Amino acid sequence: MTLQEYDYARESPSKLAASCLLLALTMKNLGGWTPTLEYYSGYSAQDLHPLVKRLNFLLTYQPRDKLNTVRSKYSHRVFFEVAKLTPMDMLKLEEALTRC
């Protein structure tokens, strides 16, 4: 989804990927940012918090007329129907990120 948004073009791909992973871990309640993830990504959880919040905002307020093909593809069970996941409430996300 970020490929279609100009605001994300200035972010480094590695930071964007790490932020997406942290958001996914948080959304699925699979734990936080571990020392191993920090070591291999090069980013601390605190480095990623602002971008994670922006990504969740993008998921929350995405225009429904854009990216229909991508949404349809990732709504399939082969991709674990990740496009059907509801974004996190911003307050709950903030709370979860403070625990990381």
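Visitor: Is Ser44 buried or exposed?
Guide: Keep in mind that this is a predicted model. Ser44 sits in the loop between helix H2 (35-41) and helix H3 (45-60). Its relative accessibility is 14%, and the cut-off for buried is under 20%. So Ser44 counts as buried.

Visitor: Which residues does Ser44 touch, leaving out those up to four places away in sequence?
Guide: We skip the neighbours up to four places along the chain here. To count as a contact, heavy atoms have to come within 4.5 Å. That leaves two names for Ser44: Trp33 and Glu38.

Visitor: How far apart in space are Ser44 and Cys100?
Guide: Along the sequence, Ser44 and Cys100 are 56 residues apart. In space, going from C-alpha to C-alpha, the gap is 9.4 Å.

Visitor: What about His49, is that one buried or exposed?
Guide: You'll find His49 in helix H3. Its relative accessible area is 13%, and anything under 20% goes in the buried group. Therefore His49 is buried.

Visitor: Which residues does His49 touch, again not counting those up to four places away in sequence?
Guide: Cys100 turns up again, this time as a contact of His49. With residues up to four places away set aside, the full set is Leu22, Leu97 and Cys100.

Visitor: How many Å does helix H1 reach from its first C-alpha to its last?
Guide: Helix H1 covers residues 13-27, which gives it 15 residues. At 1.5 Å a residue, the expected span is 21 Å. The model comes close to that, with a reach of 21 Å.

Visitor: What do the buried residues of H1 pack against?
Guide: The buried residues of H1 are Leu16, Ala18, Ser19, Leu22, Leu23, Leu25 and Thr26. You've met Leu22 already, as a contact of His49. The partners of this buried set are H2, H3 and helix H5 (90-99).

Visitor: Which residue just after H1 takes a positive phi?
Guide: Look right past the end of H1. The phi there is about 55°, and the residue is Asn29.

Visitor: Which helix gives the most to the lining of the largest pocket?
Guide: That pocket holds about 750 Å³ of space. Of the 25 residues lining it, the closest to its centre are Met1, Cys20, Leu59, Val82 and Ala83. H1, H3 and H4 each supply at least two lining residues. The top contributor, with 7 residues, is H1.

Visitor: How many residues of the largest pocket's lining are nonpolar?
Guide: Sort the lining by class and you get 3 polar and 3 charged residues. The nonpolar count is 19.

Visitor: Where does the largest share of the second largest pocket's lining come from?
Guide: This pocket has about 180 Å³ of space, and its lining includes Asn29 and Cys100. By class, the lining residues are 5 nonpolar, 4 polar and 3 charged. H1 and H5 each supply at least two of them. The largest share, 4 residues, comes from H5.

Visitor: In which helix is the confidence lowest?
Guide: The chain has a mean pLDDT of 89, with 95% of its residues at 70 or more. Where pLDDT is low, the predicted coordinates shouldn't be read in detail. Confidence is highest in H2, with a mean of 97. The lowest mean, 82, belongs to residues 68-73, helix H4.

Technical notes: Residues are numbered from 1 along each chain as its sequence is written. This is a predicted model: local features need pLDDT of at least 70, side-chain atom pairs count only at pLDDT 80 or more; totals for chains, interfaces and linings use all residues. Side-chain values use heavy atoms; hydrogens and water are left out. Buried means under 20% relative accessible area, exposed over 50%, partly exposed in between (1.4 Å probe, protein chains only). The expected span of a helix is 1.5 Å times one less than its number of residues. pLDDT is the predictor's confidence in each residue, from 0 to 100. On a 1 Å grid over the protein atoms alone, a cavity is a set of points where a 1.4 Å probe fits but cannot get out, and a pocket is an open set with protein on both sides within 12 Å along at least five of seven lines; lining residues have an atom within 4 Å of a point. Grid points are joined across faces, edges and corners, and a volume is the space filled by probe spheres set on the points. Ala, Val, Leu, Ile, Met, Phe, Trp, Tyr, Cys and Pro count as nonpolar, Asp, Glu, Lys and Arg as charged, and the others, Gly among them, as polar.
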